[in-house]
Amino acid sequence: MAKRAFPLSKVYGLLEPGPVVLLTTAHKGRANVMTMSWHTMMEFEPPLVGCIVSGRHFSFDALVATRRCVLNIPTAELAAKAVNCGNSSGRRVDKFKTFGLTPAPAALVDAPLVAECYANLECAVVDTRWVNRYNFFVLEVLKAWIDPAAKDPRTLHHRGRGVFMVAGETIKLPSKMK
Ligand SMILES: Cc1cc2nc3c(=O)[nH]c(=O)nc-3n(C[C@H](O)[C@H](O)[C@H](O)COP(=O)(O)O)c2cc1C
């Protein structure tokens with residue numbers, strides 16, 4: 001297999017884990033939603049999720065101030081809305097109204113669920129030690145919701161620069177991982 005050198009600036013697109021999520025926050029009476037693909041599972045139970053939220057984002061301020069958020073998982077039907085939420089700032093726009101997303105009350109946090117997403121994870125920030133260095137937040141999932149009708153959801157996986165893979169075929173193999 002002949003290979004060519006690959007630009008370092010594009011490496012993230014190779015390892016992009018997905019699924020793309022919509023991170024919601026609520027701060028000073030304003031709900032906001034931002035698109036996020038840089039996240040990773042860190043523990044089974046309680047579920048811990050590490051994620052990068054840039055210090056430039058409106059969501060960063062809300063997350064630091066409230067230490068609460070929801071990770072909402074969209075499917076391909078919401079791709080355009082997800083991109084819009086990732087290309088605009090809650091500082092200037094009410095993204096729920098502008099992009100036609102429905103905020104629904106969460107059980108344990110003030111941040112809203114995005115009703116259109118098939119799964120919603122209510123989270124608390126439990127570790128901020130890498131925020132100054134990497135904008136890396138560790139979240140604990142406190143409560144999780146799922147649409148029981150969702151089978152093999154067509155989640156979005158960002159390959160960089162506006163290119164997405166849509167989850168497709170599901171295969172099952174013996175695995176020692178839980
Ligand atoms: C597909 C996609 C994935 C993104 N992933 C991240 C991410 O993981 N971390 C991040 O800080 N910003 C990410 N962004 C950028 C933010 O969503 C974007 O800057 C957004 O406007 C921030 O909104 P806010 O200012 O309302 O918080 C992503 C954008 C897109 C389109």
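Visitor: What makes the oxygen atom of the ligand and the polar backbone atom of Ser 54 a polar contact?

Guide: In this predicted model, the two atoms are 2.8 Å apart. A polar contact needs a pair of N or O atoms within 3.5 Å, so this pair qualifies.

Visitor: Which other residues have polar atoms that pair with a nitrogen atom of the ligand?

Guide: Ile 52 has a polar backbone atom 2.8 Å from a ligand nitrogen. His 57 uses a polar side-chain atom, 3.1 Å from a nitrogen atom of the ligand. Both values lie within 3.5 Å, so these pairs count as well.

Visitor: How much of the ligand does the protein bury?

Guide: Alone, the ligand would expose 650 Å², and the protein buries 86% of that. The ligand has 20 residues around it, and the closest are Asn 32, Thr 35, Ser 59, Ser 88 and Gly 90.

Visitor: Now for the sheet. What is the order of its strands?

Guide: The seven strands run E2-E1-E5-E8-E9-E4-E3, in an open sheet with antiparallel pairing.

Visitor: Why do strand E2 and strand E3 stand at the edges?

Guide: Strand E2 (30-36) and strand E3 (39-43) each have a single partner strand, so one side of each has no neighbour in the sheet. From one strand to the next, the twist averages 35°.

Visitor: How do you know that strand E8 and strand E9 pair?

Guide: Pairing takes at least two bridges. Eight bridges join E8 (residues 119-127) to E9 (residues 136-146), so these antiparallel strands count as a pair. One of the bridges links Asn 120 with its partner in E9, Trp 145.

Visitor: Which helices lie across strands E1 and E2?

Guide: Helix H2 (residues 58-66) lies across E1, E2, E5, E8 and E9, at about 60° to E1. Helix H3 (residues 79-86) lies across E1 and E2, and runs at about 105° to E2.

Visitor: Why is strand E10 called largely enclosed?

Guide: Four of the five residues of E10 (residues 156-160) are buried, so the rest of the structure largely encloses this strand. Buried here means under 20% relative accessible area.

Visitor: What makes E10 and strand E11 a pair?

Guide: Four bridges join E10 to E11 (residues 163-166), and pairing needs at least two, so the antiparallel strands pair. His 158 stands opposite Phe 164 in E11.

Visitor: Why is Arg 161 called exposed?

Guide: Exposed means over 50% relative accessible area, and Arg 161 has 58%, so the word fits. Arg 161 sits in the loop between E10 and E11.

Visitor: And why is Arg 67 called partly exposed?

Guide: Its relative accessibility is 34%, which falls between the 20% and 50% cut-offs, so Arg 67 counts as partly exposed. Arg 67 belongs to the loop between H2 and E5.

Visitor: What is the phi of Arg 67, and what is that of Arg 161?

Guide: Arg 67 has a positive phi of about 55° although it is not a glycine. Arg 161, also not a glycine, has a positive phi of about 45°. Most residues other than glycine have a negative phi.

Visitor: Where is the cis peptide bond?

Guide: The cis bond joins Glu 45 and Pro 46, with omega about 0°. Pro 46 is placed in the loop between E3 and strand E4 (48-52). Most peptide bonds are trans.

Methods
Residues numbered from 1 in each chain as written. Predicted model: local features only at pLDDT ≥ 70, side-chain atom pairs only at ≥ 80, totals over all residues. Heavy atoms only, no water. Axes fitted to C-alpha atoms, helices over the stretch in contact; angles between N-to-C directions. Contact = heavy atoms within 4.5 Å. Buried < 20%, exposed > 50% of the residue type's maximum accessible area, 1.4 Å probe, protein only. Near = heavy atom within 4 Å. Polar contact = N/O pair within 3.5 Å; in protein donor to acceptor, adjacent residues only side chain to side chain. Areas by Shrake-Rupley, 256 points an atom, 1.4 Å probe, with all protein chains shown as cover.
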